[in-house]
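This briefing concerns one protein structure, shown below. The notes that follow are grouped by topic.

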Amino acid sequence: MSDNDREFNELKAGQLKTKLKAKGLKITMQRLLVLRVLTENEGEHLTAEEIYAKTCELHPGIGLATIYRTIQLLTQLGLVDRINLDDGSARFEINDADEKSGKHHRHHHLICLNCRKIIPFEKDLLEELERNVSETTGFQIVDHEVRLYGYCSDCARILGNMNDTEEMI
């Protein structure tokens, strides 16, 4: 991990501690460990079991039930997002709400149908659609989640080569 990554993680940890305090919660070791694991593994969309395994590397005595309770609490508080990527497991990541506006922006996910790689996609192209829907229907949109299914560049290349070979036969 580079010095810049460490600085970013320390800054993020400080922001998360502030959020815990603002919600009236104690800053416990278990909460900090879960937040640390999620911050250090940003973009990996960890399951509770993966969070537990990584937390045990930092603090071997922690229990799986404690991790589940902590994740549930942090999710209820809006510090952690629970995401469903249609793979049978709940996955978790740090909530990326805009600090100034408080507006939540959940990034989107590209899911490879071949290798099951999950690629976060940050660019939000739905703001105009949301605005239009709100204006025409009166519906107040608070969040959205987009999953696009297809083939990552590696699998597309491999599958493309396989299709080329099949066409030659």
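Setting aside neighbours within four places in sequence, Leu38 is in contact (heavy atoms within 4.5 Å) with Leu46, Ile51, Val80, Phe92, Glu93 and Ile94. The model is a predicted one, in which local features need pLDDT of at least 70 and side-chain atom pairs count only at pLDDT 80 or more, while totals for chains, interfaces and linings use all residues. Residues are numbered from 1 along each chain as its sequence is written, and side-chain values use heavy atoms, with hydrogens and water left out.

**Helix H2 and the nonpolar core**

- Leu38 belongs to the buried residues of H2 (buried: under 20% relative accessible area, with a 1.4 Å probe and protein chains only), which are Arg31, Leu33, Val34, Leu35, Val37, Leu38 and Thr39.
- Helix H2 covers residues 29–40, twelve in number; helices are DSSP runs of H or I with at least four residues, strands are E runs of at least two, and both are numbered from the N terminus.
- From first to last C-alpha, H2 reaches 16 Å, close to the 16 Å expected at 1.5 Å a residue (1.5 Å times one less than the number of residues).
- The largest nonpolar core, a set of buried Ala, Val, Leu, Ile, Met, Phe, Trp, Tyr and Cys residues joined through side-chain atoms within 4.5 Å, has 20 residues.
- Val34, Leu35, Leu38, Ile51, Ile71, Leu74 and Phe92 have the most contacts inside this core.
- Two or more residues each come from helix H1 (3–22), H2, helix H3 (48–58), helix H4 (64–76) and E3, and H2 gives the most, with five residues.
- In soluble globular proteins, nonpolar side chains tend to be buried together.

**The sheet E1-E3-E2**

- Three strands in the order E1-E3-E2 make an open sheet with antiparallel pairing (two strands pair if DSSP finds at least two bridges between them).
- Strand E1 (46–47) and strand E2 (80–84) are the edge strands, each pairing on one side only.
- E1 and strand E3 (residues 90–94) run antiparallel and are joined by two bridges; Leu46 has Phe92 in E3 as its bridge partner.
- H2 lies across E1, E2 and E3 and runs at about 90° to E3 (axes are lines fitted to C-alpha atoms, for helices over the stretch in contact, with angles from 0 to 180 degrees between N-to-C directions).

**The sheet E5-E4-E6**

- A further open sheet has three strands in the order E5-E4-E6, with mixed pairing.
- E5 and E6 are at the edges with a single partner strand each, so one side of each is left without a neighbour in the sheet.
- The twist averages 25° from one strand to the next.
- Strand E4 (residues 108–112) is mostly covered, with four of its five residues buried.
- Four bridges join E4 to strand E5 (residues 118–121) in an antiparallel arrangement, and His108 stands opposite Phe121 in E5.
- Five residues lie between E4 and E5 in their hairpin, and Arg116 in the turn has a positive phi of about 70°.
- E4 runs parallel to strand E6 (residues 147–150), to which four bridges join it; in E6, Leu148 is the bridge partner of Leu110 and Tyr149 that of Ile111.

**The protein as a whole**

- The protein has six helices and six strands, following the pattern α-α-β-α-α-β-β-β-β-α-β-α along the sequence.
- Of the 169 residues, 29% are buried.
- Among contacts between residues at least 6 apart in sequence, 51% join residues at least 24 apart.
- The accessible surface (Shrake-Rupley method, 1.4 Å probe) comes to about 10,900 Å², of which 52% belongs to carbon and sulfur atoms.

How values were computed. Buried < 20%, exposed > 50% of the residue type's maximum accessible area, 1.4 Å probe, protein only.
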